[in-house]
Amino acid sequence: MWHTLPVTVNGYTYDARYSDEAYRDVLRPLLERLADLQAVASGRTVAFFAGPPAAGKSTVALLLELLSRDVPGCEVQAVGLDGFHHYNAYLRSHTIVRDGTEMPLAAIKGAPESFDVEKFARAVTLLHEDATVPWPVYDRRIHDPRENAVQVTAPIVVVEGNYLLLAEEPWASLAPLADYTVFLSADEADLRERAVTRKAKGGISRAEAEAHYDRTDGPNIRRALEHSRAADFTMRLASDGDLRPVPAV
């Protein structure tokens with residue numbers, strides 16, 4: 001049986017769905033593990049929830065926040081990495097060399113290099129130290145971060161983002177800041193279709209969306225899939241949109 005819950009992602013509210021099996025095998029066990037960690041923690045529990053673009057991490061993170069209300073000792077608040085994008089002014093004024101060509105960071109916005117990792121590390125450090133922490137969000141109306149948009153107060157925080165488990169510096173240095181790590185995987189072909197469809201819904205043609213995938217989303221997806229370190233808990237997005245557990249190796 002499928003269930004739905006209303007979630008708001010990037011300003012859009014829609015019904016997120018999950019199956020009985022996903023709740024039993026993925027969502028509930030993960031929430032119970034976070035509750036167990038919090039029960040013996042001296043402060044806040046911070047979980048990093050990583051995975052490639054278009055996998056649906058924001059939706060799953062919000063489902064965890066909503067479903068945590070039914071799990072004793074598990075009050076979850078979900079926040080994202082996207083508010084730590086460098087501002088557009090910075091991206092336009094700083095460059096990177098790709099394939100022998102120097103280009104502005106704005107040309108690869110959304111890639112790991114377009115995030116302010118030092119600022120993010122400071123914010124996560126505060127999560128471990130302060131009861132209330134202001135958190136930025138990415139505002140798609142202005143296409144820039146908006147500071148202090150959310151106040152983080154919950155004892156368990158799930159931070160979702162594409163590159164939180166990337167085994168490259170400076171991302172790899174974030175490892176000590178996470179009490180628990182989660183990865184959402186999927187087949188690249190499914191992610192391609194999700195990314196292209198999502199982009200086309202924004203008002204561009206299918207051909208333009210496919211070109212954008214080849215130029216931007218595709219390299220970022222492969223980087224997250226192929227260069228992330230192992231997580232404590234791994235789930236998989238199936239082709240039917242349901243979540244499946246991935247057995248530990």
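The chain folds into six helices and twelve strands. The model is a predicted one, and everything below is read from its coordinates. In overall shape, the C-alpha trace spans about 50 × 40 × 35 Å along its principal axes. A compact globule of 249 residues would have a radius of gyration near 18 Å, and the chain comes out at 18 Å, so the two agree. As for packing, 45% of the 249 residues count as buried.

Helix H2, which runs over residues 57-67, is a good place to see that burial at work. This helix is mostly covered, with eight of its eleven residues buried. The buried set is Lys 57, Thr 59, Val 60, Ala 61, Leu 62, Leu 63, Leu 64 and Leu 67. Just ahead of H2 comes a backbone oddity. Ala 54 sits in the loop between strand E3 (45-50) and H2, and its phi is near 75°, a positive value in a residue other than glycine. Ala 54 counts as buried because its relative accessible area is 6%, under the 20% cut-off.

Two more backbone features stand out. Asn 148, in strand E8 (residues 144-152), also has a positive phi, about 55°, although it is not a glycine. Then there is a cis peptide bond between Glu 169 and Pro 170, with omega at about 5°. Pro 170 belongs to the loop between strand E9 (156-161) and strand E10 (180-186). For context, most residues other than glycine have a negative phi, and most peptide bonds are trans.

On to the charges. Side chains of opposite charge can pair when their charged atoms come close, and a search of the whole structure turns up 14 salt bridges. One of them pairs Asp 139 with Arg 146, the closest N and O atoms being 3.2 Å apart. The partners differ in cover: Asp 139 is buried at 7% relative accessible area, whereas Arg 146, at 38%, is partly exposed.

Another salt bridge joins Glu 188 to Arg 222, with 2.8 Å between the closest N and O atoms. This pair links distant parts of the chain, as Glu 188 lies in helix H5 and Arg 222 in helix H6 (residues 206-226), 34 residues apart. Glu 188 is partly exposed, with a relative accessible area of 31%, and Arg 222 is partly exposed as well, with 31%.

Arg 244 and Asp 242 make a further salt bridge, their closest N and O atoms being 3.1 Å apart. Here Asp 242 counts as buried at 5% relative accessibility, while Arg 244 is partly exposed at 35%. Elsewhere, salt bridges that share partners tie Arg 98, Glu 113, Glu 168 and Arg 223 into one network.

Some of the charge is left for the surface. Arg 140, Arg 194, Arg 198, Lys 199 and Arg 215 form a positive surface patch. Helix H5 (residues 188-200) gives the most to this patch, with three residues. Lys 199 is in helix H5 and has a relative accessible area of 34%, so Lys 199 is classed as partly exposed. That value is over the 30% needed for a residue to join a patch. Helix H5 thus has two charged features to its name: the Glu 188 end of the link to H6 and the biggest share of the positive patch.

Notes. Residues numbered from 1 in each chain as written. Predicted model: local features only at pLDDT ≥ 70, side-chain atom pairs only at ≥ 80, totals over all residues. Heavy atoms only, no water. Patch = residues over 30% accessible without salt bridge, like charges linked within 9 Å, V, L, I, M, F, W, Y side chains within 5 Å. Areas by Shrake-Rupley, 256 points an atom, 1.4 Å probe, with all protein chains shown as cover. Salt bridge = Lys/Arg side-chain N within 4 Å of Asp/Glu carboxyl O. Lys, Arg positive; Asp, Glu negative; His and termini not counted. Charge placed at Lys NZ, Arg CZ, Asp CG, Glu CD. Helix = DSSP H or I, 4+ residues; strand = E, 2+ residues; numbered from the N terminus. Buried < 20%, exposed > 50% of the residue type's maximum accessible area, 1.4 Å probe, protein only. Rg over C-alpha atoms; globule rule 2.2 N^0.38 Å.
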